[in-house]
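Here's a quick briefing to read with the model open. Have a look at the structure first, then go through the points by topic.

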Amino acid sequence: TFPTEARMRDLQFARQVYERVVSRTLSFGTTTAVYFATLDVEPTKVLVDVALECGQRALIGKVCMDRHSPETYCQSVEQNLKETREIISYIRSHPSSKKQQ
């Protein structure tokens, strides 16, 4: 799964995958979902955008990995916290999320 997840750094690819995932879960009647996107911030933001564009309520987080994974996939606790805060800020400031409140 690590090589596939690394491909999510290509934001066009990430958008295609996330559009399929969100559309599919909505087609099964799932109106609220919990997603852990990827280790990287930008693809996680893409998932936020897609869920909001599709009208799905979603709790979205980035993967935080600091051990038991390939070295290229691990981040320090400090980096994970910084990037998690960045995602939270992105979600809170997203124009579409304000419409749904």
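A salt bridge here is a side-chain nitrogen of Lys or Arg within 4 Å of a carboxyl oxygen of Asp or Glu. Keep in mind that this is a predicted model. By that cut-off, the whole structure has seven salt bridges, and several of them are picked out below.

**Salt bridges across the sequence**

- Lys62 and Glu83 join their side chains in a salt bridge, at 3.6 Å from N to O. Lys62 sits in the loop between strand S2 (57-61) and helix H4 (77-93), while Glu83 belongs to helix H4, so the pair ties together parts that are 21 residues apart in sequence.
- Both partners are tucked away: Lys62 is buried, with a relative accessible area of 6%, and Glu83 counts as buried at 11%.
- Asp40 pairs up with Arg9, their closest N and O atoms being 2.8 Å apart. Asp40 is in the loop between S1 and H3, and Arg9 is in the loop between helix H1 (2-6) and helix H2 (11-27), so this bridge links parts 31 residues apart in sequence.
- Here the burial is mixed: Asp40 counts as buried at 17% relative accessibility, whereas Arg9 is partly exposed at 46%.

**Other charged contacts**

- Asp66 and Arg67 also form a salt bridge through their side chains, at 3.3 Å from N to O. Asp66 is partly exposed, its relative accessible area being 34%.
- Arg15, Glu19 and Glu53 are connected in a network of salt bridges.
- Arg7 lies over the face of Phe13, 3.9 Å from the ring centre.

**Helix H3**

- H3 covers residues 41-54, which makes 14 residues, and reaches 20 Å from its first C-alpha to its last, close to the 20 Å expected at 1.5 Å a residue.
- How many of the 14 residues of H3 are buried? Eleven are, so the helix is largely enclosed by the rest of the structure.
- The buried set includes charged residues Lys45 and Asp49, as well as Val46, Leu47, Val48 and Val50.
- Right after H3 comes Gly55, with a positive phi near 80°.

**Aromatics and the nonpolar surface**

- Don't go hunting for aromatic pairs: the structure holds zero.
- Val34, Phe36 and Leu59 make a nonpolar surface patch of about 350 Å².
- Within that patch, Phe36 belongs to strand S1 (residues 32-36) and counts as exposed, at 61% relative accessibility.

Methods
Residues numbered from 1 in each chain as written. Predicted model: local features only at pLDDT ≥ 70, side-chain atom pairs only at ≥ 80, totals over all residues. Heavy atoms only, no water. Helix = DSSP H or I, 4+ residues; strand = E, 2+ residues; numbered from the N terminus. Expected span 1.5 Å × (residues − 1). Buried < 20%, exposed > 50% of the residue type's maximum accessible area, 1.4 Å probe, protein only. Phe/Tyr/Trp six-rings, centres within 6.5 Å; stacked < 30°, edge-to-face > 60°. Lys NZ or Arg CZ within 6 Å of the ring centre and 35° of its normal. Patch = residues over 30% accessible without salt bridge, like charges linked within 9 Å, V, L, I, M, F, W, Y side chains within 5 Å. Areas by Shrake-Rupley, 256 points an atom, 1.4 Å probe, with all protein chains shown as cover.
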